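Grab a coffee and open the model in your viewer. Below are some short exercises, each with a worked solution to check yourself against.

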Amino acid sequence: MTLFTSGVLISDAMADVLKKLPPFCVELTLNSIDREAYERISGVEGSFEKALAGTRRLKEKGIPFKIKTMALPQNYEMLDDIKGFLENLGQKLKLGLPIHARLNGDLTPCHWRLAPEKVLAIEDRLNKGFPKKKIKADFAERLQSIKEQIPNPRLFRCAAGSDTFHIDPYGNMFLCGTVRKPSINLLQGEIMEGRKQFSELVAKEFMTDSICRNCLLWHICRRCPGIASLEKGDAEAPIEYFCQLARAEASNSQKWIQSDQRCERRNDQEL
Ligand code: SF4
């Protein structure tokens with residue numbers, strides 16, 4: 001089990017429980033190392049010190065943890081400082097992307113998405129030292145394999161439901177953090193019933209002729225049915241921001257669909 005938290009609620013007592021019953025990992029979100037910026041993002045006064053204290057407790061007790069950072073306009077200029085801070089903690093800067101709408105469909109967080117070129121610039125910096133040739137070769141290989149898989153009618157193209165699922169603090173089990181139906185309450189129901197429902201869900205295929213269905217870039221696209229449901233009310237709908245990001249990433253790798261311009265043309269026409 002991986003426990004997702006801001007760290008704010010990791011008190012001494014909670015850290016003792018985690019020490020006794022250690023999860024596979026605790027994944028903390030730390031969006032800034034500047035109190036003011038952190039609390040501007042979290043919207044909760046006093047949360048910065050509590051989050052840091054929670055992180056320290058995990059470290060002191062030897063509980064395995066990772067830290068992720070959402071890349072936002074509010075912390076974009078500080079990412080190098082955050083990286084240095086994390087390296088002192090023995091951690092790497094790991095970006096949490098993408099930002100999606102709130103679970104009630106409120107789109108406010110989507111306004112905090114970074115421009116695609118900024119996202120790629122950060123990832124490029126983080127990949128420094130990783131042989132560029134290898135990145136390009138990986139990309140070309142993936143592109144070739146994806147062309148062989150088109151058309152691919154599968155709606156869910158991730159691993160959710162096969163080896164992962166999500167449980168909220170109230171014991172409700174979901175396919176993942178963004179797909180909220182179906183759900184099963186583990187205080188009343190059986191985990192296997194949840195798994196059965198999720199396998200039926202992930203076996204679903206596209207029912208419409210959404211351009212995502214045959215898109216050549218789907219393997220690098222970060223859109224997923226959960227994000228599309230929250231943002232567009234339609235699990236099959238494309239999202240323009242993710243199209244831009246996927247095209248920028250493909251174009252960056254200089255290996256994209258020069259031989260087959262279908263996705264670009266269709267996106268331009270139909271979005
Ligand atoms: S790049 Fe656009 S069209 Fe292609 S899968 Fe992503 S959202 Fe859909």
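**Exercise 1. Find which residues come nearest to the ligand, and which helix gives the most to the shell around the ligand.**

Solution. Start at the ligand: 14 residues surround it, and the nearest are Cys212, Cys215, Cys221, Pro238 and Cys243. Keep in mind that you're looking at a predicted model. Next, sort the shell by class: you get 12 nonpolar residues, one polar and one charged. Now map the shell onto the helices. Both α9 (240-252) and α10 (262-270) supply at least two residues each. The top contributor is α9, with three.

**Exercise 2. Work out how far you can trust the end of the chain, using pLDDT.**

Solution. Begin with the whole chain: the mean pLDDT is 86, and 84% of the residues reach 70 or more. Then go to residues 255-265, where pLDDT stays under 50 and the model has 15 contacts beyond four places in sequence. Residues 267-271 also stay under 50, with six such contacts. Now look back at Exercise 1: α10, one of the helices that supply the ligand shell, spans 262-270, so read that part of the shell with the low pLDDT over 255-265 and 267-271 in mind.

**Exercise 3. Lay out the sheet made of β5, β6 and β7, and say which strands stand at the edges.**

Solution. First the order: the three strands run β5-β6-β7 in an open sheet with antiparallel pairing. Then the edges: β5 (166-167) and β7 (183-185) each have a single partner strand, so one side of each has no neighbour in the sheet. Zoom in on one pair: β6 (residues 172-174) and β7 are joined over three bridges, antiparallel. Within it, methionine 173 stands opposite isoleucine 184 of β7. As a reminder, strands of a sheet pair through backbone hydrogen bonds, either parallel or antiparallel.

**Exercise 4. Find the cis peptide bond and say where its proline sits.**

Solution. Most peptide bonds are trans. Here, though, the bond joining lysine 181 and proline 182 is cis, with omega at about 0 degrees. As for the place, proline 182 is in the loop between β6 and β7.

**Exercise 5. Describe the largest nonpolar core and name the element that gives the largest share.**

Solution. Some context for the chain: 24% of its 271 residues are buried, and the secondary structure comes to 10 helices and seven strands. The largest nonpolar core holds 31 residues, and Leu217, Phe242 and Ala246 have the most contacts inside it. The elements giving two or more residues to this core are α5 (116-126), β6, α8 (225-232) and α9. The largest share is from α9, with five residues. Take alanine 246 as a close-up: apart from neighbours within four places in sequence, alanine 246 touches Leu217, Ile220 and Cys221. There's also a second, separate core of 11 residues, with Ile10, Val26, Leu28 and Leu30 among them.

**Exercise 6. Is alanine 160 buried or exposed?**

Solution. Locate it first: alanine 160 lies in the loop between α6 (132-148) and β5. Now count: there are 22 other C-beta atoms within 10 Å of alanine 160. The cut-off for buried is 20 or more, so alanine 160 is buried. Beyond neighbours within four places in sequence, its contacts are Leu175, Cys176 and Val202. Finally, its C-alpha atom is 9.8 Å from that of glycine 177, which is 17 residues away along the chain.

Conventions:
Residues are numbered from 1 along each chain as its sequence is written. This is a predicted model: local features need pLDDT of at least 70, side-chain atom pairs count only at pLDDT 80 or more; totals for chains, interfaces and linings use all residues. A residue is near a molecule or strand if its C-beta atom, placed from the backbone, lies within 6 Å of it. Helices (H or I, at least four residues) and strands (E, at least two) are DSSP runs, numbered from the N terminus. Ala, Val, Leu, Ile, Met, Phe, Trp, Tyr, Cys and Pro count as nonpolar, Asp, Glu, Lys and Arg as charged, and the others, Gly among them, as polar. Two strands pair if DSSP finds at least two bridges between them. A residue is buried if 20 or more other C-beta atoms lie within 10 Å of its own, exposed if 12 or fewer, and partly exposed in between; C-beta atoms are placed from the backbone. A nonpolar core is a set of buried Ala, Val, Leu, Ile, Met, Phe, Trp, Tyr and Cys residues joined through C-beta atoms within 7 Å. Two residues are in contact if their C-beta atoms, placed from the backbone, lie within 7 Å. pLDDT is the predictor's confidence in each residue, from 0 to 100.
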